[in-house]
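Me: I'd like a close look at one part of this structure, and then how that part fits into everything around it. Could you walk me through it in plain words?

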Amino acid sequence: MKTQALLFLVTGLLLTGATHATEAEHIRASHAWLRVLPGDLPAGAYVTLENSGDQPVTLKGASSDAYANVMLHQSSNEGGMSRMAMVDSVVVPSHGTATLAPAGYHLMLMKSTHPIKPGDTVRMNLKFADGSTLATNFVARPANAVDAGN
Amino acid sequence: MKLRLPNCLVLLLLLITLVTLAGCHREEKLPFRLTDVSGHMPELDFKLTDDHGKPVTGADYRGKVVVLYFGYTHCPDVCPLTMAQLHVVMQRLGPLADKARILFVSVDPTRDTPPVMHAYVNAFDPRAVGLTGDPRDIEALSKRYRSAYTREPDGKDGNYEVSHSSAMYVFDSKGAARVLATPADSQDDLVHDLHLLLDNGNPT
């Protein structure tokens, strides 16, 4: 019984060693942008995440020096009502993509630490379930932009 | 010399006169692509404050084709998207858009003061007007068009969201409700219907 447990442990450790790559290492981020609103109104940030790994990757949120508060949110429109809710995570399927885009998943940015204007680049650290992070540059776009503009 | 008009031209002129006369009494039927609400919703009427702090009523927008949308400035995702899309619609209308107005009505008058609304609407489109005011007056306008909104519970930091109807209401230059648009509708269709109203809309 004891040897069996030990065997499991060793196997487990070996497996961990074999799949050492972090979640962040399997992710490629593109079309990263945020919408600049006047004053210090909360803004939305958007990005497309592509997972090249064999395992699903879980985005848990993000942080940035430029904003005191970054939250993962989802907008919905059921029965003609626009609502917004906090979500714990967004899963990027293996060899698939997850899109954070207007009217769906987005990062809500609150309380900017300095004024941000269209054209600026804002660095954000995307945080994944295994604790790994991915530094991503988000382009600040004008309020009336509808997409990343590229 | 006596002017002689061909018969078909006389008939055409007569027809145009009749259509114009009919238009004086009830709305002209137009081939809208979006939901036609002509005759099914009350005319544009409200008592609010615009983003310059000036008291305004629905009558102040007669002569303009109006797109009415309810939202709030602390809404980070859907409201700015809708306003940005309406800006694109205005751009696609070209010079005709000068006879149109986007009326953005706040469902969060506590935070949305006229100066906040002014900065907000101007970030989207020069033809956008921000309307705020007494919560009862906003509720009255919302109920008038069977729209709804609910303030959600405060978050940890005191911030709160407001869930709200996502519909857009289009009124002709006489203030009559004509078309109902939803975010799921195609932008082409909205441009098409606004075109109809701006072309046929009785010029002022």
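Reply: Let's start at B:F104. Setting aside residues up to four places away in sequence, B:F104 touches B:Y69, B:G71, B:M83, B:V121, B:A128, B:V129, B:G130 and B:L131. Keep in mind that this is a predicted model, and that goes for everything below.

B:F104 also turns up in a bigger group. The largest nonpolar core has 87 residues, and B:F104 is among those that touch the most other members, along with A:A45, B:V67, B:L68, B:L103 and B:V170. Helix 2 of chain B, residues 78-93, supplies the largest share of this core, with eight residues.

Now for the strand around B:F104. Strand 5 of chain B covers residues 100-106, and strand 4 of chain B covers residues 65-71; the two pair in the parallel sense over seven bridges. To see one of those pairings on your screen, find B:V66, whose bridge partner in strand 5 of chain B is B:R101. If you're wondering what holds such neighbors together, strands of a sheet pair through backbone hydrogen bonds, either parallel or antiparallel.

Step back and you'll see the sheet these strands belong to. It's an open sheet of eight strands from chain B, in the order 1-10-9-4-5-6-2-3, and the pairing is mixed. At the edges sit strand 1 (35-36) and strand 3 (55-57) of chain B, each of which pairs on one side only.

What lies across this part of the sheet? Helix 3 of chain B, residues 114-122, lies across strand 2 (47-50), strand 5 and strand 6 (128-132) of chain B, and runs at about 155° to strand 6 of chain B. Its buried residues are B:V116, B:M117, B:Y120 and B:V121. Seen down the axis of helix 3 of chain B, these buried residues fall within an arc of 115°, so they line one face of the helix. Here's some background for that pattern: an α-helix has 3.6 residues a turn, so residues three or four places apart point the same way. Strand 5 and strand 6 of chain B are included in what covers the buried residues of helix 3 of chain B. You've already met one of those residues, since B:V121 is on the list of residues that B:F104 touches.

Next, go to the other partner of strand 4 of chain B. Four bridges join strand 4 of chain B to strand 9 of chain B, and here the strands run antiparallel. In this pairing, B:Y69 stands opposite B:M168 in strand 9 of chain B. Strand 9 of chain B, residues 168-171, is a nice one to look at side-on: B:M168 and B:V170 point one way, B:Y169 and B:F171 point the other way, and all are buried.

Strand 9 of chain B is also joined to strand 10 of chain B (residues 177-181) by four bridges, and these two run antiparallel. There, B:V170 stands opposite B:V179 in strand 10 of chain B. The two strands form a hairpin with five residues between them, where B:G175 takes a positive phi near 90°.

B:A176 has its place in the loop between strand 9 and strand 10 of chain B. B:A176 is partly exposed, with 18 other C-beta atoms within 10 Å; a residue needs 20 or more to count as buried. Leaving out residues up to four places away in sequence, B:A176 touches B:E27, B:S38, B:E43 and B:F171. Compare B:A176 with B:M41: they are 135 residues apart in sequence and 8.0 Å apart in space, C-alpha to C-alpha. For chain B as a whole, among contacts between residues at least 6 apart in sequence, 70% join residues at least 24 apart.

Finally, remember that A:A45 was named in the core too, so let's look at where the chains meet. The contact takes 24 residues from chain A and 27 residues from chain B. Strand 5 of chain A gives the most to the side of chain A that touches chain B, with four residues. By class, that side of chain A has 14 nonpolar, eight polar and two charged residues. Strand 5 of chain A is also joined by two bridges to strand 8 of chain B (residues 162-165), and the pair runs antiparallel. One spot to find is A:M81, whose bridge partner in strand 8 of chain B is B:S165.

Conventions: Residues numbered from 1 in each chain as written. Chains lettered and ligands numbered in written order. Predicted model: local features only at pLDDT ≥ 70, side-chain atom pairs only at ≥ 80, totals over all residues. Contact = placed C-beta atoms within 7 Å. Nonpolar A, V, L, I, M, F, W, Y, C, P; charged D, E, K, R; others polar. Pairing = 2+ DSSP bridges. Core = buried A, V, L, I, M, F, W, Y, C linked by C-beta atoms within 7 Å. Buried ≥ 20, exposed ≤ 12 C-beta atoms within 10 Å, placed from the backbone. Axes fitted to C-alpha atoms, helices over the stretch in contact; angles between N-to-C directions. Arc of directions from axis to C-beta.
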